[in-house]
Protein chains: 2
Amino acid sequence: MFESAEIGHRIDKKTWKAREPELRAALLEMQFRLLREARFAVVILVNGVDLAGRGETVNVLNEWMDPRHIRTEAFGPISEHERRHPEMFRFWQVLPSKGHVGILFGNWYTDPVSAHALGHETREHFVRRLERIRQFERMLAAEGVLLLKFWFHLSKKAAKARMKELQDSPKTAWRVTPQEEHNLKHYDEFIRVSDEALRKTSIGEAPWLVIEGSDPYYRYLTAGQLLLDSVNRRLDQPLAPPLPAPLVPETRPLDRLSLLAAQDYSRSATRKDYEDRLETLQGRLNGLSRDPRLQQLSLVVVFEGMDAAGKGSTIRRLTQALDARFYRVIPVAAPNENERAQPYLWRFWRYIPKLGHATLFDRSWYGRVLVERVERFCSEADWMRAYGEINEFEEELSDAGVLIVKFWLAITPEEQLRRFKERSETPHKNYKITDEDWRNRDKWPQYEQAIGDMIDRTSTQIAPWHVIASDNKHWSRLEVLETLCDRIEQALKARG
Amino acid sequence: MFESAEIGHRIDKKTWKAREPELRAALLEMQFRLLREARFAVVILVNGVDLAGRGETVNVLNEWMDPRHIRTEAFGPISEHERRHPEMFRFWQVLPSKGHVGILFGNWYTDPVSAHALGHETREHFVRRLERIRQFERMLAAEGVLLLKFWFHLSKKAAKARMKELQDSPKTAWRVTPQEEHNLKHYDEFIRVSDEALRKTSIGEAPWLVIEGSDPYYRYLTAGQLLLDSVNRRLDQPLAPPLPAPLVPETRPLDRLSLLAAQDYSRSATRKDYEDRLETLQGRLNGLSRDPRLQQLSLVVVFEGMDAAGKGSTIRRLTQALDARFYRVIPVAAPNENERAQPYLWRFWRYIPKLGHATLFDRSWYGRVLVERVERFCSEADWMRAYGEINEFEEELSDAGVLIVKFWLAITPEEQLRRFKERSETPHKNYKITDEDWRNRDKWPQYEQAIGDMIDRTSTQIAPWHVIASDNKHWSRLEVLETLCDRIEQALKARG
């Protein structure tokens, strides 16, 4: 990746003097247009060799543009505190929203490259992490983020010369840290690993842009010009071009039999049984939530179901058993303006619990493949790719110690109608039923298809769907509680 | 992946009788339109559980459509002979061309799934193979292939019942092989592995379509209808929608210094030295080509360079040293009509040598990122994704024992002009120079940019580019011969 960045690119002072003011003006103009149109976010990754001028370039970019609309984030090694969340959590927190520029200095490449270069992680693990990154960046690109990946490079010879030059002058000797001296000794290894990382992640949607770093004028002008041209080019595209339509036709199943229709809705529990078992199960859940081993896990419980399936009331039966400091309940409605300015998983990442805690989602990221699909709030290509993105997301959480338990509360159309009527007729339940609920009900067959596809495509070994026949509320709540306790118990056992 | 295909889908005889003739007629009509328009190829993968009716369904599809334009290929386990080529070689050979349908029964999923399910391969290796498949299928889709992936499913209970039913009748007992009895015992393991394979490869461009296999009418009608709808849907799209434009702006390098311009063109060899060393090196190359260890390797040598850089004459200096049974020289020009009806790598896959043999390419797949880029024969999105596809291709070859040695013969514009003039003025060299050569010469700066990008993005550790300053032909040929001998020697040593 670095051949063209080891040949001594440079710009003379005269050219610099002539071009710098033009470039600054153009960058500012671009930045305000970006902000005004607010159609996409710009994420700039800054990586490269020590002493190749990464920090100085970031400073120059901040100086040239309006820093109020640029957010520069520098990440160091992962702290103990940060380890209580999945690896990508901290990066999701700082993604810029549409119209803004985020500069990530030390980012999702830093740890995989150094861990492998220093021999702390095997090549297989490294390749797997690169694959994750590739999927993550493909997702960002598909969600409209403009991702610019800058690598500032120095040849080994140039790096040595630069270090010597800095060390030789008392004025600049402080710029060279012991860490940098150490790194230079491992230059070859670091470059070998970086080269593979860059090649494997140079996808068409977000290729690496390598900039030779030895001459300051060259690197500043090149980085600025690349940023300017890339953003302008994207701004000049009137709209994101449509992705090719995927292939799944809507004609199945031919016999109209669905996964939901095939459930057994006849099971029920008497009030007496229910009350006895409810208390026992709640006690069991409470005990599990206090298990010291749970400090090494966190818990995400997802509730999905048709309107009036009993999500809220079931969640209340769980929280009755839990300490308020242990859990959060997140009700999910249509995304607000802030949320729409981000990739769709963003608003859920915010609520991923740290180790030792739980989040109960009343509806979730599955809205993408349910309501957004059926109501055509997103394109077919968007929801088709979402299955893979969601599986990847959940695998990432699971690898970081998150236990994911997903419930589909299934009711029959007849039972829904009964509950809708009851809600309409009961004054204190009246607020729960809206015209939209009735409209959704008309689309039952489309939802049924979407739910079947969702379960088929996202019921994974690490995060299976539990489909609970819920026409009988008592039976349903007991089943949910018991399943949840079983899953937690298994997870604790697996941890030893 | 299989939840919705374990609920007992079925179609009654009356519905079958009514729908079958309509579907047949529609499939035939679709097939002729596909052939007439010849805009894309259709590849159908047939996978699934034993006894789920895969073979019967393929037979029915062949019966319903015109079998002259369908090519059904059934692949068994990899034979010893096939092992002398990279794994994907045999599949590339049978890809249908535009307008045609290929049914692959036993395909690139079969071996990864069974090797992992039987415990012959680790999970890590399995995940890596799935990732390769995903990249391969993404490439096919980007090249316009319509890929339909059918999985015929039976629940464990249904599979057992089906086996018993067949075994109980003397008329059908022969249908159950000992292999199938064995497989049924490992049903759970096979399904667990398949489930992961299907989920990880259900990309938006080519999702898996799972069909419950227990009822013949249901499975035939469903497979036929899915095929019909998918192809028709694609035929109705007037053109493949454009992919989003990639990001690399064309403004660099700002100082106009290029990798090629930075080479040292002053080195040369006297005629005497040249003749002595040439013979020594040719002897060395011949010895290496006869080394018994070379039976475990094959050799791909790529020559690229500007017009008149000396590719042909250099290749002749190599072949002078080689046994004609050992090597083939493949001169690469613009693709012909057959080749244009296939993904762009297809015409090169055909010439990948088997172990113990060599192919010398006079120009190669790099045309995609050179002439096709500069002359705009393909879209920017196409050549941008080609870097990754080419790296993946070469890694695949390398993993299968192919040693890849790539030479860029670099000449200065001045030297090219001298050679062009010489060619024009020398009667027996006159045929070598055309108007096109002069036109290409006018685009030197664009080529220079494309060559720099190519080397940066595809000079990998397993297949680095060797840039040979070739203004002096003698020096260049010696350098090529020596580099090639060194690379072969290293590869032989690495094999022990």
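Begin by displaying chains A and B together: 69 residues of chain B are in contact with 69 residues of chain A, where contact means heavy atoms within 4.5 Å. The model is a predicted one, in which local features need pLDDT of at least 70 and side-chain atom pairs count only at pLDDT 80 or more, while totals for chains, interfaces and linings use all residues. Residues are numbered from 1 along each chain as its sequence is written, chains are lettered from A and ligands numbered from 1 in the order in which they are written, and side-chain values use heavy atoms, with hydrogens and water left out.

**The interface, from chain B**

Chain B and chain A bury about 5,900 Å² between them, 54% of it on carbon and sulfur atoms; buried area here is the accessible area (1.4 Å probe) that two parts lose on being put together, summed over both. Between chain B and chain A there are six salt bridges, a salt bridge being a side-chain nitrogen of Lys or Arg within 4 Å of a carboxyl oxygen of Asp or Glu. Select B:Lys200 and A:Glu395 to see a salt bridge whose closest N and O atoms are 3.5 Å apart.

Next, colour chain B by secondary structure, where helices (H or I, at least four residues) and strands (E, at least two) are DSSP runs numbered from the N terminus. The elements that each supply at least two residues of the side of chain B touching chain A include helix H5 (123-142), helix H8 (187-200) and helix H15 (380-399) of chain B. H9(B) gives the most to that side of chain B, with eight residues. The residues of the side of chain B that touches chain A divide into 30 nonpolar, 17 polar and 22 charged, with Ala, Val, Leu, Ile, Met, Phe, Trp, Tyr, Cys and Pro counted as nonpolar, Asp, Glu, Lys and Arg as charged, and the others, Gly among them, as polar.

**A sheet in chain B**

Now isolate the open sheet of chain B, in which five strands follow the order E7-E8-E6-E9-E10 with parallel pairing; two strands pair if DSSP finds at least two bridges between them. At its edges are strand E7 (327-331) and strand E10 (465-469) of chain B, each pairing on one side only, and the twist averages 20 degrees from one strand to the next. Five bridges join E7(B) to strand E8 (residues 358-362) of chain B in the parallel sense, and B:Pro331 can be found opposite B:Asp362 in E8(B).

Add helix H11 (residues 311-319) of chain B, which lies across E6, E7, E8 and E9 of chain B and runs at about 155 degrees to E6(B); axes are lines fitted to C-alpha atoms, for helices over the stretch in contact, and angles run from 0 to 180 degrees between N-to-C directions.

**A sheet in chain A**

Turn to chain A, where an open sheet of five strands has the order E2-E3-E1-E4-E5, again with parallel pairing. Strand E2 (70-74) and strand E5 (208-212) of chain A each have a single partner strand, so one side of each is left without a neighbour in the sheet. Strand E1 (residues 42-48) and strand E4 (residues 146-153) of chain A run parallel, joined by seven bridges, and A:Leu45 stands opposite A:Lys149 in E4(A).

Finish on A:Lys149, which forms a salt bridge with A:Glu137, the closest N and O atoms being 2.5 Å apart. This pair links helix H5 (residues 123-142) of chain A, which holds A:Glu137, to strand E4 of chain A, with 12 residues separating the two partners.
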